[in-house]
Amino acid sequence: MKVGLDYRITKSVYGGLDGGAIFLPYPFRNNSGFFVRKELKFFTIAPKSWLSGEFYYWGFEAMYKYQEFSRRDSITIPGSTHTLKNYQVYKNTIALHAKVGFIWFSVKNHEALTNEKEYPIFFAEFFAGAGIRQSTVYCAGLTDKEADNRKYEKYTIDVIGNLPNGTHVWPSFVLCIKFGWKLW
């Protein structure tokens, strides 16, 4: 679940802030956390944009997410017996993205609109972006050796939560559709 707010900084620059809670159990047990995202959007507003109801932009976003969840994994340390262990995972993630997108207002009679205050209140936003993501993971209840020797095959349904302890950096991609209402 998330909720957000976009606001105008200048005529062609908008800011946005959204966030939410993580509380769905799937695919992990006791999955909880929160996230917050801040963005800047730079619009190129052509005269035809007012008639079509489509406004294109490019921008940047930064996101922070904290998540914790329970896991049960098979652990096989070389030279010792195979065991199943329950443990708790704590994960902090920071992501930075450059993105492009557009906002679309459903405008029925384009010529009748004389200014932006007459635009309908409902809009849809579509965007895609690429960037970098860094996650720091800690598995409480496991030694470092146990955390590094978890088996990811038949004893676990996914590999999303099976990151080794430590800090990890990857490329990151976003693709999103948002729906909203203009407040004023």
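These legends walk through several close-up views of the structure above.

This is a predicted model, where local features need pLDDT of at least 70, side-chain atom pairs count only at pLDDT 80 or more, and totals for chains, interfaces and linings use all residues. Residues are numbered from 1 along each chain as its sequence is written, and side-chain values use heavy atoms, with hydrogens and water left out.

**View 1. Strands S4, S5 and S6 pair up side by side.** Strands here are DSSP runs of E with at least two residues, numbered from the N terminus, and two strands pair if DSSP finds at least two bridges between them. S4 (residues 54–76) and S5 (residues 82–105) run antiparallel, with 23 bridges joining them. To find your place, look for Ala62, which stands opposite Leu96 in S5. The S4–S5 hairpin has five residues between its strands, and Gly79 takes a positive phi there, near 85°. S5 also pairs with S6 (residues 122–140), again in the antiparallel sense, over 18 bridges. Here Lys99 stands opposite Gly129 in S6.

**View 2. Tyr14 meets Phe43 edge-to-face.** Rings of Phe, Tyr and Trp (its six-membered ring) pair if their centres lie within 6.5 Å; planes under 30 degrees apart are stacked, over 60 edge-to-face, and the rest tilted. By this rule the count comes to eight aromatic pairs. In the pair of Tyr14 and Phe43, the centres are 5.1 Å apart, with 65° between the planes. Tyr14 lies in strand S2 (residues 13–22) and Phe43 in strand S3 (residues 29–44), so this pair ties together parts that are 29 residues apart in sequence. Are the two residues buried or exposed? Buried means under 20% relative accessible area, exposed over 50%, and partly exposed in between (1.4 Å probe, protein chains only). Phe43 is buried at 10%, while Tyr14 is partly exposed at 23%. Ring pairs also bring in Tyr57, making a cluster of Tyr14, Phe43 and Tyr57.

**View 3. Phe34 and Tyr64 make a tilted pair.** Their ring centres are 5.9 Å apart and the planes sit at 50°, so the pair counts as tilted. Phe34 belongs to S3 and Tyr64 to S4, so parts that are 30 residues apart in sequence get tied together. Phe34 is partly exposed, with a relative accessible area of 39%, and Tyr64 is partly exposed too, at 30%.

**View 4. Two lysines put their charged ends over rings.** A charge sits over a ring if NZ of Lys or CZ of Arg is within 6 Å of the ring centre and within 35 degrees of the ring normal. Lys41 does this over Tyr57, 5.2 Å from the ring centre. Lys99 does it over Phe127, 3.7 Å from the ring centre.

**View 5. Here is the largest nonpolar core, with 10 residues.** A nonpolar core is a set of buried Ala, Val, Leu, Ile, Met, Phe, Trp, Tyr and Cys residues joined through side-chain atoms within 4.5 Å. Its members include Phe69, Tyr87, Val137 and Leu163. Which strands each supply at least two residues of this core? They are S4, S5 and S6. Apart from it lies another core, of eight residues, among them Phe43, Phe55, Tyr57 and Phe105.

**View 6. Ser70 is tucked into strand S4.** At 9% relative accessibility, Ser70 counts as buried. Ser70 and Asn30 are 40 residues apart in sequence, yet they are 5.7 Å apart in space, C-alpha to C-alpha.

Key
Helix = DSSP H or I, 4+ residues; strand = E, 2+ residues; numbered from the N terminus.
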